[in-house]
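Welcome! Work through these exercises with the model open beside you, and try each task before you read its solution.

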Amino acid sequence: MATYGSSGAILRWFIDDLPFDKIERERIAGDTDLFYFLAGASFVEITSDLYTRILLEYFEGDAALTDWLRHEWEPQELQHGAALRRYVETVWPEFDWTAAYEDFRRAYGPLCKAELLGPTRGLELASRCVVETGTATIYSMIRDLTEEPVLRQLATLIRTDEVSHYGQFFKHFKRYRGDEGLSRTRILRALWSRLAEIDDEDVWYAFRSIYNLMAPGADIAAAYRHYRLRAHERMRACYPYDMAATMLLKPLALNWQLQRLATPILAIGARQLLRGTRLSNRLTLPRDPHA
Ligand SMILES: [Fe+2]
Ligand SMILES: [Fe+2]
């Protein structure tokens, strides 16, 4: 049930509902990889004001969609960032979140541009379904990966929001699919190209800003490669491939025979989502020289 926040935002839950004082620190404080992951996720989520601005301009005139973006999507994504921030600051109080985030925003903010959106509104909405599939499955994986109960609770709440975002983008996508006369081939191409473009720029920029602060002067590129390898290894076992494949298939509106044919292809797509360990709402970005 949607709840109205103080600013007119529609939220399903509030940060203060979470028992941050009951975090079992001993279950998580020593997990450096999860620290980098959660701090990075908080950065990317809390930068949703930039993504919202770009999407509002792109969908100008579509009141149903822009109202939802403004009153639900943005406040919910910002809340994900704020809740993750509070979690990180509670478990790792020595981390200067503000300083690292300022560095991240300075480097990453200018890369979020409207030119990176899809060629048509319908195809952009298909791409948004890919992005929300990425976030929903990643938080689902975090929920299953951790034994810390408050993080489980937080990941479950965020996952529910991300699944609902997927549903909304899908609903609007269906409207444009008809209006734009989008063929399955065009939709598949859009989904595939968004999957193929998924990499880790947002994760990299976040890692770089955090690592710079925690270990100044160290070899960041090497540390990042090791972090990614370890994270991938741990996450592979918990990643919900079926959930990802089902969500990715939906925009194609295939019958069951075609679904059977498409499933192996989508399994590759799901692996690509995991490879990017995509966190949130970033748009497609050029590769960083670290790659
Ligand atoms: Fe989010
Ligand atoms: Fe989302």
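A nonpolar core is a set of buried Ala, Val, Leu, Ile, Met, Phe, Trp, Tyr and Cys residues joined through C-beta atoms within 7 Å. Keep in mind that this is a predicted model.

**Exercise 1. The overall layout**

Task: Find how many helices and strands the protein has, and in what order they run.

Solution:
- Start by counting: the secondary structure comes to 11 helices and two strands.
- Next, follow the chain from the N terminus, where the order is β-β-α-α-α-α-α-α-α-α-α-α-α.
- Then look at burial: 38% of the 291 residues count as buried.
- Finally, consider the contacts between residues at least 6 apart in sequence; 82% of them join residues at least 24 apart.

**Exercise 2. The largest nonpolar core**

Task: Name the residues that touch the most other members of the largest nonpolar core, and find the element that gives this core its largest share.

Solution:
- The core has 54 residues, and those touching the most other members are Leu-38, Tyr-87, Ala-126, Leu-154 and Ala-206.
- Elements giving two or more residues to this core include H1, helix H3 (63-91), H5 and helix H6 (149-180).
- The largest share, 11 residues, comes from H5.
- Now zoom in on Leu-38: beyond its neighbours within four places in sequence, Leu-38 is in contact with Leu-84, Tyr-87 and Val-88.
- Apart from this core lies another, of six residues, among them Tyr-51, Leu-55, Leu-69 and Trp-73.
- As background, nonpolar side chains in soluble globular proteins tend to be buried together.

**Exercise 3. Helix H5**

Task: Compare the reach of helix H5 with its expected span, then decide whether H5 is mostly covered or mostly uncovered.

Solution:
- Helix H5 spans residues 121-145, which is 25 residues.
- From its first C-alpha to its last, H5 reaches 36 Å, close to the 36 Å expected at 1.5 Å a residue.
- As for burial, 21 of the 25 residues of H5 are buried, and H5 is thus mostly covered.

**Exercise 4. Two helices that meet**

Task: Work out how H1 and H9 are oriented towards each other, and which residues meet.

Solution:
- Helix H1 (residues 32-46) and helix H9 (residues 220-236) pack at about 95 degrees, with axes 10 Å apart.
- That angle makes H1 roughly perpendicular to H9, since 65 to 115 degrees counts as roughly perpendicular.
- At the meeting place, Asp-33, Tyr-36 and Phe-37 of H1 face Tyr-227, Arg-230 and Ala-231 of H9 in contact.
- Sorted by class, the contact has four nonpolar, no polar and two charged residues.

**Exercise 5. Buried, exposed or in between?**

Task: Place Lys-22, Ala-245 and Thr-156 in their burial classes.

Solution:
- Recall the cut-offs: 20 or more other C-beta atoms within 10 Å make a residue buried, 12 or fewer make it exposed, and in between it is partly exposed.
- Lys-22 sits in the loop between strand E2 (10-11) and H1. Lys-22 is exposed because it has 9 such atoms within 10 Å.
- Ala-245 belongs to helix H10. With 23 other C-beta atoms within 10 Å, Ala-245 is buried. Its C-alpha is 9.0 Å from that of Thr-133, although the two are 112 residues apart in sequence.
- Thr-156 is found in helix H6. Its 14 other C-beta atoms within 10 Å make Thr-156 partly exposed. The C-alpha atoms of Thr-156 and Tyr-139 are separated by 7.1 Å.

Key
Residues numbered from 1 in each chain as written. Chains lettered and ligands numbered in written order. Predicted model: local features only at pLDDT ≥ 70, side-chain atom pairs only at ≥ 80, totals over all residues. Axes fitted to C-alpha atoms, helices over the stretch in contact; angles between N-to-C directions. Helix = DSSP H or I, 4+ residues; strand = E, 2+ residues; numbered from the N terminus. Parallel < 35°, antiparallel > 145°, perpendicular 65-115°, else oblique. Contact = placed C-beta atoms within 7 Å. Nonpolar A, V, L, I, M, F, W, Y, C, P; charged D, E, K, R; others polar. Expected span 1.5 Å × (residues − 1).
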